[in-house]
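Trainee: Could you walk me through reading a structure, feature by feature?
Mentor: Gladly; let us have it in front of us.

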Amino acid sequence: MSNAVPSPAPLRTDVLVAGAGPAGLMCAREAAGRGLRVLVLEQSPLPGRKLAVSGGGKANFSNRRISPLHYRCGDPAFCAPALKAFSPAVMERLVAAWGLPTEERAHEQLFLTVPARNLLHCLLDDLRARGGELRLRQRVLAVRRTADGFDVATDNGPVLARAVVLAAGSPAWPQAGGSNAGFRLAQALGHSLVPPFPALTPLLLPPESLAAPAPTSAPGPSGPDAARRVGGSRRLPPAARPAGSPPEPMRRMPRADIIEARPHDGETLAGISLPVRISLPEADLAPALARDPLWKDDLLFTHEGLSGPAALKASLFWEDGSPLEVDFLPDVAFRDMLDAPDAGRRTPFSLLRQHMPQRLAERLLPPDLAQRRTAELSRAARERLCAAVHARRFRPAGRADFRKAEVCGGGVDAREVDPRRMESRLVPGLYLVGEMLDVTGLLGGYNLHWAWASGMAAGRAVPA
Ligand SMILES: Cc1cc2nc3c(=O)[nH]c(=O)nc-3n(C[C@H](O)[C@H](O)[C@H](O)COP(=O)(O)OP(=O)(O)OC[C@H]3O[C@@H](n4cnc5c(N)ncnc54)[C@H](O)[C@@H]3O)c2cc1C
């Protein structure tokens, strides 16, 4: 007779969900509500860690104006069916039914007015009430397709499931548990990845790129000397040359609106925040997206580059080596200010200074024009001034890494997934939801809404 202790019979379930983030929990509560046995395994000691910190702790959980245009995806039409089937209005009703108070903020963003973890608790309560089970500190290690379902290896033994939902998120924000684990599970099952990259993250600038642009013609009598007067005797504007140095040659400024990279005096713009309109002149954006009012938002200068909502949004569609264009006066035409009848004795600097901190006005204006009386300015000079303020280009050196990225661009190739069911086209019975997929939304509630919508699509589709 053998002394071997028989290993316990593997756990069996209808649906195994890997990951208790918003996508996995929404999927699990929906499937459990349909009477299926649902087991959610979460590697971390806490579920929904990103949800709990989202929106500054108040969860920007959706947006009243959502379309596939607000997402970056290799197949732009992919997210349409799930978004249509689970609209922001449906999510708003669900949140209201849970008794959670909300508010609408700029750009039709929907936030809670109570902590985000209240929303997490509603999801968890719903899951429990419907008979679903959540187990914490249990990592899904491998998923193997069998004749009648899946054999799932976990660090607490095997689980047999009829369907598996991969809801394991992305490597963004590792401080809250972000990792590549989900991508690896999908790849092991034959899925391919659109290369992941940090998104909704600050853009890095070479330090010299905040220097003022050089003149396109030899400076007039008020050139370098006038520039030196900007801001009084305290500061020398960064691009001003020492007296007697030769004028900047024209060839150094091939385009009036491209920032010339030159060393500056070390004075930093860090800490300045102001509303701008940001655009990506070389990105292949759909015209409706390029015109979208959401590109008007706050920009924050940091010691490393550009942050704030405007820069984070741009980071999603920015391509390496391409420029950003910033309109620093999105609501006022600088041209009208320069041309105003009572502006003749004023200088461009004094006019611009009314709308932004002095340090920034100094950097933006061409030094040879900043302190001229506007009455003396030629049409070409006015155009240069307007381009410097309304169409200022920056060439980021890169993106900040995943530790600062709210989300991950790229992910499991959407062409390998059914857009109505979120079911793998390669492995029947396998579902992929949320940020694991190559669907990344702009800042504004689009990513949580994608988690809800894709999770709901899979929760409705897993077979009973
Ligand atoms: C700081 C911050 C603020 C944000 N604010 C907003 C906002 O206000 N609005 C908005 O729309 N979006 C916001 N986002 C983005 C949003 O939080 C994510 O897009 C969303 O959480 C993705 O949901 P998910 O369920 O796909 O993945 P996740 O939330 O990442 O959940 C995945 C879960 O899977 C678990 N897991 C991973 N691997 C395994 C494994 N092998 N086995 C078991 N479990 C595993 C993880 O621990 C995690 O709990 C924010 C993100 C961050 C980082």
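Mentor: We will go through a strand, a helix, a helix pair and one single residue, keeping in mind that this is a predicted model.

Trainee: Let us begin with strand S2: which residues of S2 are buried on one side, and which on the other?
Mentor: In a regular strand, side chains alternate between the two faces of the sheet. In S2, residues 38-41, Val38 and Val40 are buried on one side, while Leu39 and Leu41 are buried on the other, leaving both faces covered.

Trainee: Which strand is joined to S2 by four bridges?
Mentor: That is S1, residues 11-18, and S1 and S2 run parallel. Within this pairing, Leu16 stands opposite Leu39. To get from S1 to S2 the chain passes through helix H1, residues 22-33, giving a right-handed β-α-β crossover.

Trainee: And what joins S2 to S7?
Mentor: Three bridges do, and S2 runs parallel to S7, residues 133-135. There, Leu41 of S2 stands opposite Arg135.

Trainee: You mentioned H1. How do H1 and H15 cross?
Mentor: Two packed helices are described by the angle between their axes and the distance between the axes. Here the axes of H1 and H15 come within 7 Å and cross at roughly 30°, and the crossing is right-handed. Among the residues that meet there are Ala23, Cys27 and Ala31 from H1, and Leu448, Trp452 and Gly455 from H15.

Trainee: Now helix H4. Which residues of H4 are buried?
Mentor: Helix H4 spans residues 88-97, and its buried residues are Pro88, Met91, Leu94 and Val95. They lie on the same side of H4 because they cover an arc of only 120° around the axis. On the other side of H4, Ala89, Arg93, Ala96 and Ala97 are exposed.

Trainee: What covers the buried residues of H4?
Mentor: The cover includes strands S3 (60-63), S5 (102-105) and S6 (109-112), as well as helix H15 (446-461). So H15 appears in two of our stories: as part of the cover of H4, and as the partner that crosses H1.

Trainee: What is the phi of Gly99, which follows H4?
Mentor: The phi of Gly99 is positive, near 80°.

Trainee: Last, a single residue. Why does Ala381 count as buried?
Mentor: Ala381 counts as buried because it has 21 C-beta neighbours inside 10 Å, and the cut-off is 20 or more. Ala381 belongs to helix H14, residues 379-390. Between Ala381 and Asp368 there are 9.7 Å in space, C-alpha to C-alpha, and the two are 13 residues apart in sequence.

Key
Residues are numbered from 1 along each chain as its sequence is written. This is a predicted model: local features need pLDDT of at least 70, side-chain atom pairs count only at pLDDT 80 or more; totals for chains, interfaces and linings use all residues. A residue is buried if 20 or more other C-beta atoms lie within 10 Å of its own, exposed if 12 or fewer, and partly exposed in between; C-beta atoms are placed from the backbone. The arc is that of the directions from the helix axis to the C-beta atoms. Two residues are in contact if their C-beta atoms, placed from the backbone, lie within 7 Å. Two strands pair if DSSP finds at least two bridges between them. A crossover is right-handed if, with the strands pointing away from the viewer, the path from the first strand over the helix to the second runs clockwise. Axes are lines fitted to C-alpha atoms, for helices over the stretch in contact, and angles run from 0 to 180 degrees between N-to-C directions. A crossing is left-handed if the near helix is turned anticlockwise from the far one by less than a right angle, and right-handed if clockwise.
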